[in-house]
Amino acid sequence: MNHRYRKTIIAGNWKMNKTLTETKAFAEEIKPMLGKPKWCEVVLCVPYVNIPAAVRLFKDSRIAIGAENCHYESHGAYTGEVSAEMLKELGVKYVIIGHSERRQYYNETDFTVNKKVHAALEAGLYPIVCVGESLEQRELGVTMELIAYQVKAALAGVPADKMRHVVIAYEPIWAIGTGKTATAEQAAEVCESIRVVIRKLYGARVARAVTIQYGGSMNAKNAAELLAQPDIDGGLIGGASLKPADFTTIVNAANQE
Ligand code: PGA
């Protein structure tokens with residue numbers, strides 16, 4: 001973390017979890033626990049149907065609400081889809097783009113990720129762009145090349161002045177939901193390399209200011225060590241974001257001066 005140059009962001013990714021009733025119970029439990037973190041921004045990315053309630057429930061807190069996906073068009077004949085504009089109007093601030101589960105199960109490609117990043121920025125949302133290698137790719141030794149490619153493809157055509165709205169999340173696929181976390185060194189190495197890619201694309205000032213998260217089995221126990229790495233500016237947290245006490249511990253680890 002480096003509060004001097006950039007925002008630390010802890011974002012929960014609920015995936016397809018929690019009903020409306022469970023969302024209300026979560027909010028009641030976590031609000032008094034969390035208080036008002038000073039040094040980091042806290043985000044909860046929740047299923048579409050829970051967004052209006054979540055926005056209302058967290059209105060007076062420092063927790064911003066995010067979505068887990070959006071479509072790349074602003075409107076049209078796309079049955080079952082939701083646009084970035086629709087999310088913006090509900091009070092959504094962030095949107096996860098290109099999560100590996102969407103790449104794996106819903107044919108999300110680097111091309112659609114790029115289109116969605118543009119759509120999100122156009123609508124005034126902050127995209128959290130996910131990149132990450134599979135275990136096979138790591139073992140082949142192509143992690144850095146692959147991540148550089150994914151970052152460049154996702155950001156193609158994004159002008160420098162929009163980059164202060166973009167968050168990058170490095171999520172090694174083999175660490176997601178597996179309980180197998182990347183070591184702090186592995187995570188830091190890739191996050192640093194992402195900043196190098198952004199420096200080459202946009203220059204040192206933009207690179208210094210961009211928030212780069214780590215995600216993949218981050219939890220109450222390992223968060224502090226991961227977040228202590230200079231190029232890891234927060235986390236994208238799945239499983240542990242469903243439990244108020246665990247999520248609060250992670251936020252507290254990020255909220256160090
Ligand atoms: P996990 O998920 O924390 O459950 O590994 C992270 C993510 O998918 O964003």
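**Notes on the predicted model, starting from Ala 77**

1. Let me start at a surface spot: Ala 77 counts as exposed, because its relative accessibility is 78% (exposed means over 50% relative accessible area, buried under 20%, and partly exposed in between, with a 1.4 Å probe and protein chains only). Ala 77 sits in the loop between β3 (63–67) and α3 (84–90); helices (H or I, at least four residues) and strands (E, at least two) are DSSP runs, numbered from the N terminus. The C-alpha atoms of Ala 77 and Met 163 are 30 Å apart, with their places 86 residues apart along the chain.

2. A word on conventions. This is a predicted model, in which local features need pLDDT of at least 70 and side-chain atom pairs count only at pLDDT 80 or more, while totals for chains, interfaces and linings use all residues. Residues are numbered from 1 along each chain as its sequence is written, and side-chain values use heavy atoms, with hydrogens and water left out.

3. Now the overall fold. The chain has 11 helices and 8 strands. Its radius of gyration is 17 Å, close to the 18 Å that the globule rule gives for 257 residues, so the chain is as compact as a globular protein of that length (the radius is taken over C-alpha atoms, and the rule is 2.2 Å times the number of residues to the power 0.38). Along the principal axes, the C-alpha atoms fill a box of roughly 45 × 45 × 35 Å.

4. On burial and contacts, 54% of the 257 residues count as buried. Of the contacts between residues at least 6 apart in sequence, 73% join residues at least 24 apart, where contact means heavy atoms within 4.5 Å.

5. As for the surface, the chain exposes about 11900 Å², and carbon and sulfur atoms supply 52% of that area (Shrake-Rupley method, 1.4 Å probe; for residues, only the protein chains shown count as cover).

6. Helix α5 (residues 110–123) deserves a look. Its 14 residues reach 20 Å from first C-alpha to last, close to the 20 Å expected at 1.5 Å a residue; the expected span is 1.5 Å times one less than the number of residues. The helix is mostly covered, with 10 of its 14 residues buried. Among them are Asp 110, Asn 114 and Lys 116, along with Val 113, Val 117 and Leu 121. The buried residues of α5 pack against α3, β4 (94–97), α4 (100–105), β5 and α7 (143–155).

7. Gly 124 follows α5 and has a positive phi, near 90°. The C-alpha atom of Gly 124 is 10.0 Å from that of Glu 89, 35 residues away along the chain. Glu 89 belongs to helix α3 and counts as exposed, because its relative accessibility is 75%.

8. Helix α8 (residues 184–202) has 19 residues and spans 26 Å from its first C-alpha to its last, close to the expected 27 Å. Its buried residues include Ala 184, Cys 191, Ile 194, Arg 195 and Tyr 202. Just after α8, Gly 203 takes a positive phi of about 95°.

9. One last loop position: Ser 134 lies between β5 (126–131) and α6 (135–140). Ser 134 is buried, with a relative accessible area of 18%. Apart from neighbours within four places in sequence, Ser 134 is in contact with Ile 173 and Trp 174.
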